Amino acid sequence: MRRLSALSVLAAGSVLASGAFVPAQAATAAAPTITAKGGYVMNNGTGKDLYKKAADTRLSTGSTTKIMTARVVLAQPGLNLDSKVTVQKAYSDYIVDNNWASSARLIVGDKVTVRQLLYGLMLPSGCDAAYALADKFGTGSTRAARVKSFIGKMNSTAKSLGLKNTHFDSFDGIGHGQNYSTPRDLTKLASNTMKYSTFRSVVKTKKTTQKTVTKSGGYRNMTWENTNPLLGTYSGAIGVKTGSGPEAKYCLVFAATRSNKTVIGTVLASSAVGTRTTDAKKLLDYGFKR
């Protein structure tokens, strides 16, 4: 029999000391190329880095900011998810005044629960829902003071979680020059927030219809669809949040579970909606191979 050269053996695959044969492709999966300026993926169970591209570069976050909005709300002591919040005109006016503000289309005078506001925050990415939550859970005698207090809680939470390259100056991602994070920090934030069962339930929901109480005491059905394109199109997808904006471009924090392994990650400043999705799928595929 003709003896194979050492070079031939290496080209065909890797031979372990035990004699087991491992294909070279499985041993060294090539890292994907993405269009996003920054990307990061980790094993959610172990915290192991699986992919890095400008992972610690500060970038605008767009509506992925709302992950922190939800995190602050869910961490409130004695939180009652069924407590009612009356929709104020200020929330509606905010949407009108900000061209990039996405809306849950809350109706002034309606009474909605905190739980419903979380759905309105995370599915259609409602900036009006974010405003309502900041107003509800901030402290102070004026709305402006309460909002400022809530943003302060966002930043103190970031600090407590060790997110050293993260800062918020808004409750929804429509920033004022100091709203930024990194792919690594946002991934760690999402991983931490996914520990809340309410958050997990919300962000994996593709569509929901919620009944709210109208100003006159009647009822209204509000239907919200999730902006996350991975839900229903990527096997095992479980969340978490899209983002966009003039500075942020197109962002996506994503997570999926397959065979008891959860991969979680972020792409920031991708070039378009479609490439944002493609980037995320590439990174998830790669993460599951690692």
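Are Tyr 94 and Phe 171 buried or exposed? In this predicted model, both residues are buried. Tyr 94 and Tyr 131 are likewise both buried.

The aromatic contacts of the chain amount to 5 pairs. In one of them, the ring centres of Tyr 94 and Tyr 131 are 5.4 Å apart and the ring planes meet at 70°; the pair is therefore classed as edge-to-face, the cut-off for this class being over 60 degrees. Distant parts of the chain are linked by this pair, with Tyr 94 in helix 4 (residues 89-97) and Tyr 131 in helix 6 (residues 127-137), 37 residues apart. Tyr 94 also forms an aromatic pair with Phe 171, at 5.3 Å centre to centre. With 45° between the planes, the arrangement of Tyr 94 and Phe 171 is tilted. Here too, distant parts of the chain are linked: Tyr 94 belongs to helix 4, whereas Phe 171 lies in the loop between helix 7 (143-160) and strand 8 (180-181), 77 residues away. Through ring pairs, Tyr 91, Tyr 94, Tyr 131 and Phe 171 are joined into a cluster. A contact between a charge and a ring is found at Tyr 219, where the charged end of Lys 211 sits over the ring, 5.3 Å from its centre.

The strands were examined next. An open sheet is formed by 5 strands in the order 4-3-13-12-11, with antiparallel pairing. Its edges are strand 4 (49-53) and strand 11 (237-245), each of which pairs on one side only. On average, neighbouring strands of the sheet are turned by 5° against each other, direction ignored. Helix 8 (residues 183-193) packs on this sheet and touches strand 3 (38-43), strand 4, strand 11, strand 12 and strand 13. The direction of helix 8 makes about 140° with that of strand 13.

Within the sheet, strand 12 (residues 249-258) pairs with strand 13 (residues 261-270) in the antiparallel sense, over 8 bridges. Phe 254 has Gly 265 of strand 13 as its bridge partner. Strand 12 is also paired with strand 11, again in the antiparallel sense and over 8 bridges. The bridge partner of Gly 245 in strand 12 is Lys 249. Strand 11 is connected to strand 12 by a hairpin through 3 residues. Although strand 11 is an edge strand, it is mostly covered, with 7 of its 9 residues buried.

Note on methods:
Residues are numbered from 1 along each chain as its sequence is written. This is a predicted model: local features need pLDDT of at least 70, side-chain atom pairs count only at pLDDT 80 or more; totals for chains, interfaces and linings use all residues. Side-chain values use heavy atoms; hydrogens and water are left out. Two strands pair if DSSP finds at least two bridges between them. Helices (H or I, at least four residues) and strands (E, at least two) are DSSP runs, numbered from the N terminus. Axes are lines fitted to C-alpha atoms, for helices over the stretch in contact, and angles run from 0 to 180 degrees between N-to-C directions. Contact means heavy atoms within 4.5 Å. Buried means under 20% relative accessible area, exposed over 50%, partly exposed in between (1.4 Å probe, protein chains only). Rings of Phe, Tyr and Trp (its six-membered ring) pair if their centres lie within 6.5 Å; planes under 30 degrees apart count as stacked, over 60 as edge-to-face and the rest as tilted. A charge sits over a ring if NZ of Lys or CZ of Arg is within 6 Å of the ring centre and within 35 degrees of the ring normal.
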